[in-house]
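Good morning, and thank you for coming. I should like to take you through one protein structure, beginning with its overall make-up and then turning to particular places in the chain.

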Amino acid sequence: MTTRRVAVRLDSMGDLLLTSRALHALRATCDHLALVCSPSARAAAELLPSVDEVITWEAPWIAPTPPITRAYPQIAFPEVGSLPAELRLRHFDEAVIFTSLHQSSLPTTLVLSQADIPWVGGISSDDAAGLLDLCLTHDTDLHEVQDSLRLALACGGELTDDLPELTLPPRRPELLPPGNFVVLHPGVDSDAQGWPVARFRQLREELSEAGHQVVVTGGPDEARSTARIADGSARDLGGHTDVADLARVMAEADVVLAGDTAAGHLAAAVGTPVVSLVAPTVPPRRWTPYGVPSALLGDPRLTGVTTDDVLGAVDHLTHTRLNAGALSEVR
């Protein structure tokens with residue numbers, strides 16, 4: 001058994017959540033698994049039971065506003081120099097680099113080459129034979145979860161009978177309505193990826209008329225929008241939850257409606273069905289919420305998706321979850 005491994009996933013929280021099964025497989029064959037992730041993904045990383053240690057690092061080539069030019073030879077920043085020193089102190093036996101289809105593992109590989117880690121594996125479409133001890137290429141026919149799991153298994157991980165479950169905080173009743181409810185999470189990374197607030201407000205009204213209790217969620221910078229959508233008729237949690245509390249709320253929901261953002265993957269990670277509003281800027285089959293019943297609604301501008309479409313999907317997935325719950329009680 002390998003004693004100490006470090007996994008690296010440097011992009012967003014949603015990307016990290018899609019790597020949780022791969023991390024679980026890596027942890028099954030080592031005594032200690034550390035994870036290097038971006039600061040924006042740390043809150044989700046701390047919910048992963050397979051990870052023993054979280055190290056945060058903002059990669060200059062992935063950060064939202066990279067402080068570098070496109071000429072990689074010019075990279076010479078303290079941020080780049082700090083990570084190898086931290087990793088050397090921890091004496092890792094192996095490193096595994098996870099990347100998305102549109103990314104290269106080579107910059108990370110070059111940084112890790114300074115960390116005195118004897119063995120490094122990763123996925124790269126570039127010629128990395130001289131830098132990686134194990135080098136796979138992305139399988140474009142696979143979901144992101146399956147592609148990362150394929151790398152983990154190639155690096156010595158093993159599948160286990162149990163699936164990774166997030167470590168959730170205690171239930172906070174003040175955040176939840178009594179009984180069943182639907183979560184609307186309107187926030188997205190850019191306006192081009194989501195519905196307008198007015199459309200979400202119309203949907204909330206129609207969900208209420210159909211008998212659904214509604215909870216509207218979002219970060220502090222989205223509180224104004226969530227308040228307009230809730231309009232005093234739904235539970236407005238905009239700005240009132242951290243990532244852990246949001247995961248707990250989603251775990252108790254019947255269905256989560258989310259756009260092209262980490263929220264859909266967070267809902268899937270806690271086992272809740274997801275209605276995804278996705279403009280196909282990336283291959284939907286590769287990025288859809290994984291492992292739960294889901295409905296993918298989208299077109300290039302999302303203008304073709306109606307509230308009736310969403311209501312139908314919510315009703316279908318609500319019945320799917322309620323029936324599954326009833327069946328488990330009978331068993």
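Helices here are DSSP runs of H or I of at least four residues, numbered from the N terminus. In that numbering, Thr-109 belongs to helix H5. Please keep in mind throughout that this is a predicted model.

Let me stay with Thr-109 for a moment. Is Thr-109 buried or exposed? The relative accessible area of Thr-109 is 3%, and buried means under 20%, so Thr-109 counts as buried. Leaving aside residues up to four places away in sequence, Thr-109 touches Ile-97, Leu-131 and Leu-132.

Now to the chain as a whole. The protein chain contains 12 helices and 12 strands. Of its 331 residues, 53% are buried. The accessible surface of the chain is about 15100 Å², and carbon and sulfur atoms account for 51% of that surface. How much of the contact pattern joins residues at least 24 apart? Taking contacts between residues at least 6 apart in sequence, the share is 63%.

A word on confidence is in order. The average pLDDT of the protein chain is 87, and 86% of the residues reach at least 70. Two stretches deserve caution. Over residues 69–78 the pLDDT stays under 50, and the model gives this stretch eight contacts beyond four places in sequence. Residues 326–331 also have a pLDDT below 50, and that stretch has zero contacts beyond near neighbours in sequence.

I turn next to the strands. Strands of a sheet pair through backbone hydrogen bonds, in either a parallel or an antiparallel manner. Which arrangement do we find for the six strands of the open sheet? The pairing there is parallel, and the order is S9-S8-S7-S10-S11-S12. Strand S9, residues 235–236, and strand S12, residues 294–297, stand at the edges; each has a single partner strand, so one side of each is left without a neighbour in the sheet. The partner relation at one end can be described in detail: strand S11, residues 274–277, runs parallel to S12, with four bridges joining the two. Within that pair, Ser-276 has Leu-296 of S12 as its bridge partner.

Elsewhere in the chain, strand S2 and strand S3, residues 53–56, also run parallel and are joined by four bridges. Ala-34 is placed opposite Glu-53 of S3. Why may S2 be called largely enclosed by the rest of the structure? Strand S2 spans residues 30–37, and seven of its eight residues are buried, so the description follows.

Helix H2, at residues 20–27, can be treated in the same way: six of its eight residues are buried, so H2 too is largely enclosed by the rest of the structure. The buried residues of H2 are Ser-20, Ala-22, Leu-23, His-24, Ala-25 and Leu-26.

A buried acidic position comes next. Glu-144 lies in helix H6, which covers residues 144–154. Its relative accessible area is 2%, so Glu-144 counts as buried. Which side chains does the side chain of Glu-144 meet through polar contacts? One is that of Arg-9, at 3.3 Å, and another is that of Ser-100, at 3.4 Å. Beyond four places in sequence, the residues that Glu-144 touches are Arg-9, Leu-18, Thr-99, Ser-100, Leu-101, Arg-286 and Trp-287.

Two backbone angles also call for comment. Most residues other than glycine have a negative phi. Asp-116, however, has a positive phi, near 60°. This residue sits in the loop between helix H5, residues 106–112, and strand S5, residues 119–123. With a relative accessible area of 59%, Asp-116 is exposed. Asp-231 likewise has a positive phi, of about 50°, although it is not a glycine. Asp-231 is located in the loop between helix H8, residues 223–230, and S9. At 38% relative accessibility, Asp-231 is partly exposed.

Finally, the cysteines. How many disulfides are counted? The count is zero. Of two cysteines I would mention, Cys-135 is partly exposed, at 33% relative accessibility, whereas Cys-155 is buried, with a relative accessible area of 4%.

That concludes my presentation, and I thank you for your attention.

How values were computed:
Residues are numbered from 1 along each chain as its sequence is written. This is a predicted model: local features need pLDDT of at least 70, side-chain atom pairs count only at pLDDT 80 or more; totals for chains, interfaces and linings use all residues. Side-chain values use heavy atoms; hydrogens and water are left out. Buried means under 20% relative accessible area, exposed over 50%, partly exposed in between (1.4 Å probe, protein chains only). Contact means heavy atoms within 4.5 Å. Accessible areas come from the Shrake-Rupley method with a 1.4 Å probe; for residues, only the protein chains shown count as cover. Two strands pair if DSSP finds at least two bridges between them. A disulfide is a pair of cysteine sulfur atoms within 2.5 Å. pLDDT is the predictor's confidence in each residue, from 0 to 100. A polar contact is a pair of N or O atoms within 3.5 Å; within protein, one must be able to donate a hydrogen and the other to accept it, and residues adjacent in sequence count only if both atoms are side-chain atoms.
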